[in-house]
Each structure stands twice: as C-alpha cells, then as structure tokens.
Amino acid sequence: MANVTLEHITKRYEDVTAVDDMNLDIEDGEFVTFVGPSGCGKSTTMETIAGLTLPTEGTIEIGGRDVTDLPPKDRGISMVFQNIALFPHMDVYDNISFGLRLREYDQEEIDRRVEEAADIVQLEGMMDRMPEEMSGGQRQRVAIARAIVRNPDVFLMDEPLANLDAKLRVHMRTELQRLHKELDTTIIYVTHDQAEAMTMSDRIAVIDSGQLQQIDPPLVCYNEPTNLFVAGFIGSPSMNFVEGEVTADGFDAEHVTVDFDPDAYDVSVGDEVTLGIRPEDVYLADGVESVEDPSAVVDAWTDVLEPMGNEVFVYLKLAQDAELRIDERDSDQLLMSVDPDVEVEEDGEIDVVLDRSRVHLFETGSGDAIVHGLD
Amino acid sequence: MSRVDDLRGTLAAVDRSRAALYAVLFAMVAFYLAPLESGLATSIKTEAGFRATTPYAPPPLGEFTLAAWQVAFDRLSQGLINSLLMAIPATVLSALLGSLSAYGLTNLDWRGQTGVLVLFVAGVFLPYQSVLVPLRQFWSAVDLPSLIPLGFVGSYEGLITLSLTHAAYGIPICTVLFRSYYATLDEEMIEAARLDGASAATIYRRIVLPLSVPIFAVTLIYQFTQVWNDLLFAIVLVTDPSNQVVTVALNQLQGSFVNQYNLQMAGAFVAALPTLVVYVLFGEQFAKGVAGES
C-alpha cells in the first residue's frame, strides 16, 4: 500500500503534448479515477505511473520512493488492461502465476497466492481452463487475479470494463468496489465513462487536453465543477449552458433571464458569462411550490420527449418564432427532466423556471466557474 | 399456381448457373492438371511407349513400366539426401532468425528501427543473379574447415556453404512474414508480461515464440520450397560432385544424345516429393497461418 505523487509530469511526443504539467497527490488506499474524453492524456498519465512510458519532465513517487526512472516491474504496481491481455496459450493457473514463476518463488508459495487471488475474484475450479474457453467477464477476473497475485502497492486499471457488455460492466463495477474494500489498496482507474467514475471513486480527476481540470470527490465535481469542461463532462445527460451577459439586474440572454445582484459576486455589468443548469434543476412553472427560489419564467416549446421510465427527458426549444426554432444554437435549447407522471405534450408551449439555488455561472472566455448557486 | 411456376423457374435458373459454374471449374482443373497428368503418364511408359503415343495418353498395352522411376530414384537418391541435409538447416535457421529479428523490429522499441527494417525489406528484392559473382568470391575466400574445426565439415563443405547462403538469403523474407504476424499481437499482452517482470528475451521465449506456431508453419513451408527448388546457387556454389543437390542431379538426368522423357518425368516427381510431404505435414497450420489465426 502506498500513496502516489505526481509532480510536474509532462509528456511530449514530437509535436503533441499529451500530458501537460500534471500535479497529483493520491492517498494511500484511495480509489482515484482519471476521467476525460479520448485523447485527453489520461491513459498516458497512467502509463507514466506504470513506467510503460517515461515522462519528458517531472517526477513520480510511489510510497515516498522516487520511481521516475525505475522499470515497471520494480515500481510495486500491477495493471489491468482494456484488452484484458491474457496470454492465450496459457491456462488460468499459468496466466495468474506467470509473474511469480518468473520471480522464482517456491512452488508452495505460488500455489498459495494463486489460490488466494482466484478466491477473491471467484475463479475457483477454473484453473486449467484456457482463455478462449471463458467468457469476457471470467477473462477479466483472471486479469484482475493476475494483478492481485503480485500483491502490489498500487493497482492501475486502464478502462478494464470497456470491452464488456453493458450488464456485465455494471456487475463488474460493484465487484471492483468490493475488491477495493477487501484489499484496501490504492487504485488508479482510467475511464471515459463518467458513470463509472461517479459510482466507484473516492475522488475523480477530470482531465482534458493533458491538463488536470479538477480532482475532487464525485459529488463535489458534480455540484461544484471548477469550469465549463468539468460541468459539461460530469453528469449524464449534460448540464445545460446558456451564453449571455451580466446586466444590472443579473443574467440576461436572448431567452433566459435570471435575477441577481452583480455586486454580490465576482462579476461586473457587461461581463460575458455562461449560465449552467442541470436538467433536474429545470421545473415546470405550473405548481412550482417545490422550488424555494425559482427564476423568472422561461417561455419554451417542447421538442422531443425521451421517457426513461423513472423520469422523462424533455428537449425544449426556447425560440418561440417558428423560423428561429430551426436554428440549432445551444443557447436556444434546454433539456429538463420531469417525473413520468407529469403530463407534457410534444410540440407544445410550456413555461419553465430554473432553481436559482442550483444555477452555476462561468466566465464565457476562460470557462472558469464564478459561483455555484445564487442567493 | 403462378407461384409454383416461379419456383420452378428459379430452380431451373439455379441449376443452369450451377452447371455452368461446375463446367468452368472442371475445365480449369483439367487445364492446371494437364501437365502433371502428361508427366505422370510419360513416366510410366517405356521408351517405345512414349515415342508411339501422345504425352497425355495412358501407356499402351505392354508398354507400362516402373523402370524409369527405379532409375530416377537410384540416380537422385544421393541428391535427395544432400538436398535434405542442406535445406532443413537452412530453412530452420532462416525462420528462427527471421522470427527473432521480426520480434526486435516489431515488438521492441528502439531508435533507428525503421531504417533497419527498410534494409530488411530491400533484402527481399535483391535478385539472385546480382550477387552470384561476389558470393562466389566471398566463399572462395572463406576457409570453412578451419573456421568450424569439426571432422565432417571438410567433406560437406559445398552443402554447408549452400545452406548458410540460403539461410542468410532467406532472413529478409522470413522477417517480413513474421513481422506482419507479430504486428497483430496484442501490445497490452506484451506490456502485461513486462509488468510481470519479464525481460525482452523472456517475453520472446515464453510468450511470442509459443504463439508463433502458425506463422512458423507458413514460413517453413515457403522457405523450404524456395531452398529445395533452387538451382542457381547450387550450380554456382557447389563444385564437389558428392555434394550435388537434387535439382542439379535432376538437371543431369537429361541424356546427352537421346531424350529419355520417361526418366526425366519420373525424376521430376521424385525430386518434388519432399515439398509435397512438407505441405501435407504442415498443411493445416499453413492454412491457419495464412488466414491470420493464432
């Protein structure tokens, strides 16, 4: 078990900077998820921790030991890969014990540890199966057992569930959480799936363009995103954004106005700001008693309904003029979620309000958050 | 009613196109097998027999004989043995070295590997004729028996020379064949082995080599056929008659005054037998390797 510290990690390839001055402090026993769109540098960051790639600049410490120049095998890590990457010509036992046999542990020790690892991932009685005879989930368990058996200080998992089908992925998600509880080892987990990140992690590190955007517990990332990127990336469906500017009365855009006192926040009249509001914080104006502090009414037009069972997503067009409605600008659209028992018709006029206490404001230019929730 | 007629029409159409297809296929088979058939027919005729009939015709009554096969086998047997002694080590050596260099050029990461790979690819396209003279001069400058101080080297010098030449000449094409296969190996699997503490050599021995069986079959068959069928290097590099390989011996079956077609045909079949045996032995693996399965 060990903490992991990244200081000023930068990885440049010939003409691209994959990781740009990354600083991270991961606690002993923590489950941290690197999340971001593909190509954001999250996998490269993990590869530098694993030692599969050497950083151009910066240092990496694992358990207080500088491992920047150590080969992967001496870093006290094990890794689980997206492709599962079992050795196809070896049976389960040989796959799991490969590393131990290389290190020439004595046979009893190898047997004991393989059995223990297989036990944890529930692979008893499958020791002489070949990978090709197993299902995707079973293979992934073998891969995890192979990682466990080495008794690492840190587990690195690079999208280990990405190649599994949806049902199995959800199942393995809970298994990984159970595993983390059982082993109490530091786990660094890479995924582009924000749902995986939200459900499993102690903290989420949101990465974009090689830069760390935010590292916080899932709900903090959700409720207090530091910038537009995090706000848009975390949460499904995404947060709504409306571009506008600050007036003496508050926020003003073509179709949306939200009152506030500009002096109360770090903004001045004329600033270009983007308002963010999550779908569940948009309400029907009728019977809005549940919202303590609703905004002014926004006139909208319902476009498409997506019933999900437990809720219904309603796509709203804000421009009332039929001609203008063809325009597909983001600022003219709003997504809201309503209870399934609320009756909403497609292609009808509708009045909605925003929960002011859940409104986020961002600087349009830099994307940085100004305030989460208006007074 | 009309539906039944439709169906009948469809069936008739299918039958007609099927029939045409089979006709074309049989014609092509006959076309490709005709030379073999005439060779085989000629090889079992007496001299009077092959003079009196067309090559395609079976032997006339009383003109059937296996004597040509007997003679061909007797006169080629030493050549067959020599060819095996030369071709097996050459094939195995170039396949092994090709596999090793392909691994180094594909699955390991080092500076300048593209340049080296280009040299290997260039090696594939070197025409035999262009290296004949320098090769001959090179081998006359090398004193094999003193380089390899083993008793048998002196009497097999020609075969060893030829074997080493083929092994070296085969490395580029073997490397290219192995490389295309190794490029499909899962990179994460190799990284997993590295994380487990395996060195480059261990990864080759324990992971890559065991997974190479299908591509070894392809390379061995291809390379064995190449080496076995070669006549040019064999004529130029081997002067000692006791080291003569089967292709050279076959060439000498041609009489100086009379053309003994039956003997030549029988000899050609005898000389081709080992390559057939190799195909039969490795055929299944060959198909897998060509199909790119692992």
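**Chains A and B: contacts, domains and burial**

Among contacts in chain B between residues at least 6 apart in sequence, 74% join residues at least 24 apart. The model is predicted.

Visitor: What makes two residues of chain B count as being in contact with chain A?

Guide: Two residues are in contact if their C-beta atoms, placed from the backbone, lie within 7 Å. By that criterion, 15 residues of chain B are in contact with 17 residues of chain A. Helix H8 (187-195) and helix H9 (200-208) of chain B each give two or more residues to the side that touches chain A. H8(B) gives the most, with 6 residues.

Visitor: How many residues of the side of chain B that touches chain A are nonpolar, polar and charged?

Guide: By class, that side has 7 nonpolar, 3 polar and 5 charged residues.

Visitor: Why is helix H1 (residues 42-50) of chain A called largely enclosed?

Guide: A residue is buried if 20 or more other C-beta atoms lie within 10 Å of its own. In H1(A), 9 of the 9 residues are buried, so the helix is largely enclosed by the rest of the structure. Among the buried residues are A:Lys42 and A:Glu47, together with A:Met46 and A:Ile49. Just after H1(A), A:Gly51 takes a positive phi of about 90°.

Visitor: How much of chain B counts as buried?

Guide: Of the 294 residues of chain B, 33% count as buried.

Visitor: What radius of gyration does chain B have, and what would a compact globule of 294 residues have?

Guide: Chain B has 25 Å, whereas a compact globule of 294 residues would have a radius of gyration near 19 Å. The value for chain B therefore does not match the globule rule, which is 2.2 Å times the number of residues to the power 0.38. Along its principal axes, the C-alpha trace of chain B spans about 75 × 70 × 30 Å.

Visitor: Which domains is chain B divided into?

Guide: The division gives domain 1 (2-52) and domain 2 (71-292). The C-alpha centres of the two domains of chain B lie 37 Å apart. In chain B, 6 residues of domain 1 are in contact with 7 residues of domain 2. Helix H1 (2-43) and helix H2 (47-52) of chain B each supply at least two residues of the side of domain 1 that touches domain 2. The largest share of that side, 3 residues, comes from H1(B).

Visitor: How many helices and strands are there in chain B?

Guide: Chain B has 13 helices and 0 strands.

How values were computed
Residues are numbered from 1 along each chain as its sequence is written. Chains are lettered from A and ligands numbered from 1 in the order in which they are written. This is a predicted model: local features need pLDDT of at least 70, side-chain atom pairs count only at pLDDT 80 or more; totals for chains, interfaces and linings use all residues. Domain bounds come from an automatic or database domain assignment. Helices (H or I, at least four residues) and strands (E, at least two) are DSSP runs, numbered from the N terminus. Ala, Val, Leu, Ile, Met, Phe, Trp, Tyr, Cys and Pro count as nonpolar, Asp, Glu, Lys and Arg as charged, and the others, Gly among them, as polar. A residue is buried if 20 or more other C-beta atoms lie within 10 Å of its own, exposed if 12 or fewer, and partly exposed in between; C-beta atoms are placed from the backbone.
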